[in-house]
Amino acid sequence: MFRKLFIFCIFLIFPTNSFTNPLFAQIPEELKQFALRVGTLLGPKPSNKPPDWANPNLPPLFSFAWLTDMHLDGSNQNRMQQTLQWIRQELNPTFLLLTGDNSALVAPGPGGTDPAGRNLRRQQYLQHWLATHWNGPYAIIPGDNWPAGFERVFGPRQYRLDCGGLHLLMLAPDAIHHGAGLEGLSAFDPETLDWLRKDLETYRDYPTLVAIHEPIYPPSFVDAPVLRKLIQQFPQVIGILQGHLHIDMELRDGRQVYLVGPAVGPGQPPAFKQLWVYRHALILRTAELDQQSGQWRLGEKWQKIDIPQPLQKVLHPVELNRQNEQGGRGKDGGSEWAGGRSWPGREMPLQMVSFRPPRAVRDDPSLARRAGQLLEAIRQFLWKESPRLLREAAGR
């Protein structure tokens, strides 16, 4: 469950090693412990009492729960059902945000061992599972595990949503390649990057969160530096919500906040984030599972993403539409968007603003030739940026 983070830390320790070195197949226990220490140093620190800014003297406009890396399977399915029940009863968020590596479970059905059939049934199982145990609005993208078939069930994987004036820009790569001992071979097509740039230009007046599975920062896939450079040009992007590494991290790049969420599935402990949206800021708190009692609780970790004053004017309160949640999502299970199509989870108050047409993710073996680019990006991160990040983390 920590494999991706371990590999990242191996890159930090052995920056001259080849991606094809057999070292990547055997990860020693001491490196696992080192990885955990790195994540702890760059993550939010527990506090004996809430910071002064953690309890604004006004109600939030709305809230949402951010879950990443559920890795839903037979070992945690019951616990994840209880997790969603606890979220609904105790936190009552406006919607869920799911940032990839969602489910390994496959619904029974025809197709045998045909990969396309299994991939489709896997996504259909997740759709049905969410409708059964959440039955409310959610924004979702696939991860690097089990992305195939996503577009046939959940629609676009590159799209923009509006909720109360806050925009969520959901991103997932166009091409992925998995190889022995290889991670981070994910890339975006030039057409997608062009759409992304134009989309960010169009919505400069809206506070925007980017949601993506593999982290842009720290660089965890081959196109991460490209996306980071693009996002830096648009100050309305106030936060980037990332998964994949299974550990809680916070990195700041100027005024933009890059968060890596802990895994709600195979976490140590399992955890997720609850975000309350105020006009001036997003206030985050970490919920953790007590593995002895099996009970969820809000932990003593607070985080904040400031919203610049010029972006605050578009924000407005959102009322939960319980009738919509209980009474259905329209004919096709979701809210309608351009072209009269509908997809599950996108019902009000989430509104589809723009999107790239749904299409299948490609397996592109040529990405293996770009592994050195990712290695160089990680080297640059290690030598040029990690000292500053560690100093900032120590001062939080």
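Axes here are lines fitted to C-alpha atoms, for helices over the stretch in contact, and angles run from 0 to 180 degrees between N-to-C directions. Helices (H or I, at least four residues) and strands (E, at least two) are DSSP runs, numbered from the N terminus. This is a predicted model, in which local features need pLDDT of at least 70, side-chain atom pairs count only at pLDDT 80 or more, and totals for chains, interfaces and linings use all residues. Residues are numbered from 1 along each chain as its sequence is written, and side-chain values use heavy atoms, with hydrogens and water left out.

**Overview**

The protein contains 10 helices and 18 strands. Of its 396 residues, 58% are buried. Buried means under 20% relative accessible area, exposed over 50%, and partly exposed in between (1.4 Å probe, protein chains only). Contact means heavy atoms within 4.5 Å. Among contacts with a separation of 6 or more, 73% are between residues 24 or more positions apart.

**Helix pairs**

Helix α3 (residues 77-91) and helix α4 (residues 115-133) have axes that come within 10 Å and cross at roughly 45°. That angle makes α3 oblique to α4. The classes are these: angles under 35 degrees count as roughly parallel, over 145 as roughly antiparallel, 65 to 115 as roughly perpendicular, and the rest as oblique. The crossing of α3 past α4 is right-handed. A crossing is right-handed if the near helix is turned clockwise from the far one by less than a right angle, and left-handed if anticlockwise. On the α3 side, Gln 77, Met 80, Gln 81 and Leu 84 make the contact; on the α4 side, Tyr 125, Trp 129 and His 133 do. These residues divide into 4 nonpolar, 3 polar and no charged. Here Ala, Val, Leu, Ile, Met, Phe, Trp, Tyr, Cys and Pro count as nonpolar, Asp, Glu, Lys and Arg as charged, and the others, Gly among them, as polar.

Helix α6 (residues 190-202) and helix α7 (residues 224-232) also have axes that come within 10 Å, crossing at roughly 20°. The two are therefore roughly parallel to each other. α6 passes α7 in a right-handed crossing. Leu 193, Leu 196, Arg 197 and Leu 200 in α6 meet Val 226, Leu 227 and Leu 230 in α7. That contact has 6 nonpolar residues, no polar ones and 1 charged.

**Cores**

In soluble globular proteins, nonpolar side chains tend to be buried together. A nonpolar core is a set of buried Ala, Val, Leu, Ile, Met, Phe, Trp, Tyr and Cys residues joined through side-chain atoms within 4.5 Å. The largest has 58 residues, and Phe 64, Leu 67, Ile 87 and Phe 272 have the most contacts inside it. A second, separate core of 29 residues includes Phe 221, Ala 224, Leu 230 and Ile 240.

Phe 64 has a long contact list, counted without residues up to four places away in sequence. Among its partners are Pro 93, Phe 95, Leu 97, Leu 166, Leu 209 and Leu 241. Lys 273, Gln 274, Leu 275 and Val 277 are also touched by Phe 64.

**Two buried sites**

Asp 199 sits in helix α6. Its relative accessibility is 5%, so Asp 199 counts as buried. Leaving aside neighbours within four places in sequence, Asp 199 contacts Arg 160, Leu 169 and Ser 354.

Ile 176 lies in strand β6 (residues 175-176). Ile 176 is buried, at 8% relative accessible area. Its C-alpha atom is 9.8 Å from that of Ser 366, which is 190 residues away along the chain. Beyond four places in sequence, Ile 176 touches residues including Gly 143, Asp 144, Pro 147, Leu 185 and Ser 186. Val 361, Arg 362, Asp 363, Asp 364 and Leu 367 are also among the contacts of Ile 176.

**Backbone details in loops**

The peptide bond from Tyr 217 to Pro 218 is cis, with omega near 5°. Pro 218 is in the loop between β8 (208-212) and α7. Gln 268 and Pro 269 are also joined by a cis peptide bond, with omega about -5°. Pro 269 is in the loop between β11 (256-260) and β12 (271-277).

Two asparagines have positive phi, tabulated here.

| Residue | Phi | Loop | Relative accessibility |
|---|---|---|---|
| Asn 92 | about 50° | between α3 and β2 (95-99) | 34%, partly exposed |
| Asn 135 | about 55° | between α4 and β3 (138-141) | 23%, partly exposed |
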